[in-house]
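Ready to practise reading a protein structure? Take a look at the one below, then try the exercises.

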Amino acid sequence: MRITVRVVASQAEAEQLGFVGSPSVLIDGQDPFAEPHHRPAMACRLYIEDTGVSGVPPIRRLRRALKEAADTTAR
């Protein structure tokens, strides 16, 4: 597995990449936490969890998304 960290430095770059806030995680180029009403923005990103709002992706959902991607790649 390869991990890449990328700094998005402008609104134009955010729009080009479809970046909806930091932190964002892409798996094989897809955002597993994407929500249709979010627009590209240079902003802090919040994640909704059962326990409330968090500034980081929910670990259970992130693990599930990574496992699904690994399972798909292994086929």
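Here are three short exercises on this predicted model, each with a worked solution.

**Exercise 1.** Find out which side chain meets aspartate 31 in a salt bridge, and say whether aspartate 31 is buried or exposed.

*Solution.*
- Start with the place: aspartate 31 sits in the loop between helix H1 (11-17) and strand E1 (47-49).
- Next, look for a partner. The side chain of aspartate 31 meets that of arginine 45 in a salt bridge (2.8 Å, N to O). The pair links distant parts of the chain, 14 residues apart, with both residues in the loop between H1 and E1.
- Now check the cover: aspartate 31 and arginine 45 are both buried.
- Finally, look at the backbone: a polar atom of the aspartate 31 side chain lies 2.8 Å from the backbone nitrogen of phenylalanine 33.

**Exercise 2.** Work out why arginine 6 counts as exposed and glutamate 13 as buried.

*Solution.*
- Arginine 6 has 54% relative accessibility, and the cut-off for exposed is over 50%, so arginine 6 counts as exposed.
- Glutamate 13 has 18%, and buried means under 20%, so glutamate 13 counts as buried.
- The side chains of these two residues meet in a salt bridge (3.3 Å, N to O).

**Exercise 3.** Work out how aspartate 71 and lysine 67 are placed in helix H2.

*Solution.*
- Their side chains meet in a salt bridge (2.9 Å, N to O).
- Both belong to helix H2 (residues 59-74); they are 4 residues apart, so about one helical turn separates them.
- As for cover, aspartate 71 is partly exposed, at 32% relative accessible area.

Conventions:
Residues numbered from 1 in each chain as written. Predicted model: local features only at pLDDT ≥ 70, side-chain atom pairs only at ≥ 80, totals over all residues. Heavy atoms only, no water. Helix = DSSP H or I, 4+ residues; strand = E, 2+ residues; numbered from the N terminus. Polar contact = N/O pair within 3.5 Å; in protein donor to acceptor, adjacent residues only side chain to side chain. Salt bridge = Lys/Arg side-chain N within 4 Å of Asp/Glu carboxyl O. Buried < 20%, exposed > 50% of the residue type's maximum accessible area, 1.4 Å probe, protein only.
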